[in-house]
Amino acid sequence: MKKGKLFVLSGPSGVGKGTLRERALNDIKNLVYSISCTTRKPREGEINGVQYWFVTREKFMEDISLNLFLEYAHVHDDFYGTLRQNVIDELEKGNNVLLEIDVQGALQVKEKMDDAVLIFVAPPSVEELERRLRGRHTESIEAMKTRLTNAVNELSLKDKYDYVIVNDNLDSACEELRKIIL
Ligand code: 5GP
């Protein structure tokens with residue numbers, strides 16, 4: 001059976017990655033999402049095993065020492081990581097796998113799996129991103145500032161990606177993503 005392909009979606013907080021991901025998963029058959037582990041506390045409405053596997057720092061450190069992660073990174077003061085075995089299993093089954101991870105993680109994946117397709121979602125401008133983040137009301141002011149600073153750093157690395165999608169119109173951005181994956 002033909003092995004699946006690995007797609008990695010990154011981009012700053014507030015850029016609309018989550019919506020793009022949802023739409024891609026709804027629209028594209030044989031595309032599965034890899035649920036990451038994180039030490040971040042769940043936000044209101046988030047459920048363990050749906051958005052993330054929410055784990056303690058101790059558990060995360062143990063999983064690092066057991067070499068269970070395909071990649072992991074320290075993002076906005078918490079750890080986030082992709083469990084390797086799930087990804088390998090899905091690819092072996094012939095499914096395409098979508099990761100939604102930060103830039104540091106994406107570059108680690110590319111180093112280990114050269115045929116992974118890296119897709120960066122960029123905002124039309126940093127000002128627009130700030131406006132969207134403020135409108136989201138999911139973070140404290142402090143957390144939002146960290147996210148904006150990280151956003152500028154992430155944007156500087158977008159040239160390392162195979163594709164850059166500028167999300168100024170959600171429908172066209174979704175269509176661009178669909179075309180890349182299909
Ligand atoms: P959030 O806390 O808003 O859910 O996610 C924060 C950031 O962590 C986002 O940029 C998201 O893409 C990234 N992230 C989520 N899961 C992973 C992962 O497994 N690995 C890495 N490296 N980053 C992740």
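Me: In this predicted model, in which loop is the place of Asn 67?
Reply: Asn 67 has a phi near 60°, a positive value in a residue other than glycine. Most residues other than glycine have a negative phi. As for its place, Asn 67 belongs to the loop between α2 (57-65) and β5.

Me: Which loop holds His 76?
Reply: His 76 is not a glycine, yet its phi is positive, at about 45°. The residue is found in the loop between β5 and β6.

Me: Which strands each supply at least two residues of the shell around the ligand?
Reply: The ligand has 17 residues around it. Strands that each supply at least two residues of this shell are β5 (69-75) and β6 (78-83).

Me: How many residues of the shell around the ligand are charged?
Reply: Among the residues that come nearest to the ligand are Arg 40 and Asp 102. The shell contains five nonpolar and five polar residues, and its charged residues number seven.

Me: What is the distance from an oxygen atom of the ligand to a polar side-chain atom of Tyr 80?
Reply: Tyr 80 is one of the residues that come nearest to the ligand. The separation between its polar side-chain atom and the ligand oxygen is 2.5 Å.

Me: What share of the area that the ligand exposes when taken alone does the protein bury?
Reply: An N or O atom in the side chain of Arg 40 lies 2.6 Å from a ligand oxygen, and one in the side chain of Asp 102 lies 2.7 Å from a ligand nitrogen. Taken alone, the ligand exposes 510 Å², of which the protein buries 95%.

Note on methods:
Residues are numbered from 1 along each chain as its sequence is written. This is a predicted model: local features need pLDDT of at least 70, side-chain atom pairs count only at pLDDT 80 or more; totals for chains, interfaces and linings use all residues. Side-chain values use heavy atoms; hydrogens and water are left out. A residue is near a molecule or strand if one of its heavy atoms lies within 4 Å of it. A polar contact is a pair of N or O atoms within 3.5 Å; within protein, one must be able to donate a hydrogen and the other to accept it, and residues adjacent in sequence count only if both atoms are side-chain atoms. Accessible areas come from the Shrake-Rupley method with a 1.4 Å probe; for residues, only the protein chains shown count as cover. Helices (H or I, at least four residues) and strands (E, at least two) are DSSP runs, numbered from the N terminus. Ala, Val, Leu, Ile, Met, Phe, Trp, Tyr, Cys and Pro count as nonpolar, Asp, Glu, Lys and Arg as charged, and the others, Gly among them, as polar.
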